[in-house]
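Visitor: Hey, got a minute to walk me through a structure? I'd like to start with how you decide what's buried and what isn't.
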Amino acid sequence: MYLGIAVDYVFSESGTGWQKFAVLKDIGGQDWTVEMPPPWPEGGLTVSGATLTLNYPGALSYALQANGFLRDRETQAEIPLFAILFPEGGAVVYTPPDAGEELGYGVAPSDTYSVEALAFTRNNNNSLPSILFAPGAMPDEATLRGLDLAVASLFVGQGD
C-alpha cells in the first residue's frame, strides 16, 4: 500500500485565521495528480453568540473544535467543544446544547473564541474522521487501503 499525502495552507490577510487543505489517498504506487479541495467560501463559517453556521459546498461531514463557548458550571473553567456534524444539503447551523445540571456545563459564549472547522469533501471509505485525525490516532493498513479523503479546514478566532 502507498499512501499519498498532500497539504497546503493559506493565511488570512487580517491575521485572524487560516485555511489548510489535505488529501490522503491510497495511490497504489502509481503517479498521482493531487485534487485539492477549494478554499472555504466567504461566510462559510460564521459565529453569532453560541451559534455556529458551517457552509462548505459539497461537504459530506464536518468536524468542529471550538473554545470560548462552554463553561464548567461549578468552576467556570472553559471547556473545549468537539462535534461531528452531517449536513443535509446546505448549511449546518449548530448551537451546543445547554446540559444544565445533568452534565455540569453550560453554554456561555465569550467575546474571545477560536473555532476550527474541517469539511470532509471526499471520503470513499466512509471512515469516521476521528479514526484518522484523533490525537494519537494510528490507523492500520486495512483502514487506509483504498482511501481517498479530502478535507478543507478553516480556523477563525476573535479576541486575545
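Guide: Sure. A residue is buried under 20% relative accessible area, exposed over 50%, and partly exposed in between. One thing to keep in mind is that this is a predicted model.

Visitor: OK, try that on Arg73. Where does Arg73 fall?
Guide: Arg73 comes out at 35% relative accessibility, so it counts as partly exposed.

Visitor: Which side chain does Arg73 meet in a salt bridge?
Guide: That would be Asp98, with 2.4 Å from N to O. Asp98 sits in the loop between β7 and α1 (100-103), while Arg73 is in the loop between β5 (61-72) and β6 (78-85), so the pair ties together parts that are 25 residues apart in sequence.

Visitor: And what about Asp98, how accessible is that one?
Guide: Asp98 has a relative accessible area of 46%, so it is partly exposed.

Visitor: What else is in the loop between β7 and α1?
Guide: Ala99 lies there too. With a relative accessible area of 10%, Ala99 is buried. From Ala99 to Arg73 you go 26 residues in sequence, and the C-alpha atoms are 10.0 Å apart in space.

Visitor: Back to the charges. How many salt bridges does the count come to?
Guide: Three. In general, side chains of opposite charge can pair when their charged atoms come close.

Visitor: Which side chain meets Lys20?
Guide: Glu116 does, at 3.8 Å, N to O. Glu116 belongs to strand β9 (residues 113-123) and Lys20 to strand β2 (residues 17-26), so this pair links parts that are 96 residues apart in sequence.

Visitor: Is Glu116 buried or exposed?
Guide: Buried, because its relative accessibility is 17%. Lys20, on the other hand, is partly exposed at 28%.

Visitor: And what does Lys25 pair with?
Guide: Lys25 and Asp148 meet in a salt bridge, 3.7 Å from N to O. Lys25 is in strand β2 and Asp148 in strand β10 (residues 148-158), so the two tie together parts that are 123 residues apart in sequence.

Visitor: How accessible are those two?
Guide: Lys25 is partly exposed, with 26% relative accessibility. Asp148 is buried, with a relative accessible area of 16%.

Visitor: Let's zoom out. How many helices and strands am I looking at?
Guide: The protein chain has three helices and 10 strands. Reading along the sequence, you get β-β-β-β-β-β-β-α-β-β-α-α-β.

Visitor: Do you have some numbers for the chain as a whole?
Guide: Of the 160 residues in the protein chain, 37% are buried. The chain exposes about 9,200 Å², and carbon and sulfur atoms supply 52% of that area. As for contacts with a separation of 6 or more, 61% come from residues 24 or more positions apart.

Visitor: Give me an example of residues far apart along the chain. How far apart in space are Arg145 and Tyr2?
Guide: Their C-alpha atoms are separated by 8.6 Å, and the two residues are 143 residues apart along the chain. Arg145 is in the loop between α3 (141-144) and β10. At 47% relative accessibility, Arg145 counts as partly exposed.

Visitor: Switching to sheets. In what order do the strands sit in the open sheet of three?
Guide: The order is β3-β4-β7, and the pairing is antiparallel. At the edges stand β3 (45-48) and β7 (92-94), each with a single partner strand, so one side of each has no neighbour in the sheet. On average, neighbouring strands in this sheet are turned by 15° against each other, ignoring direction.

Visitor: Remind me, what holds strands together in general?
Guide: Strands of a sheet pair through backbone hydrogen bonds, either parallel or antiparallel.

Visitor: How many bridges join β4 to β7?
Guide: Three bridges join them, with β4 covering residues 51-54 and the two strands running antiparallel. As one example, Leu54 has Val92 in β7 as its bridge partner.

Visitor: Last topic: which residues form the nonpolar patch on the surface?
Guide: Met1, Leu3, Ile5, Val7, Tyr9 and Phe11, which together have about 610 Å² of accessible area.

Visitor: Where in the chain is Phe11 found?
Guide: Phe11 is in strand β1, which covers residues 3-11. Phe11 has 61% relative accessibility, so it counts as exposed.

Key:
Residues numbered from 1 in each chain as written. Predicted model: local features only at pLDDT ≥ 70, side-chain atom pairs only at ≥ 80, totals over all residues. Heavy atoms only, no water. Pairing = 2+ DSSP bridges. Helix = DSSP H or I, 4+ residues; strand = E, 2+ residues; numbered from the N terminus. Axes fitted to C-alpha atoms, helices over the stretch in contact; angles between N-to-C directions. Patch = residues over 30% accessible without salt bridge, like charges linked within 9 Å, V, L, I, M, F, W, Y side chains within 5 Å. Areas by Shrake-Rupley, 256 points an atom, 1.4 Å probe, with all protein chains shown as cover. Salt bridge = Lys/Arg side-chain N within 4 Å of Asp/Glu carboxyl O. Buried < 20%, exposed > 50% of the residue type's maximum accessible area, 1.4 Å probe, protein only. Contact = heavy atoms within 4.5 Å.
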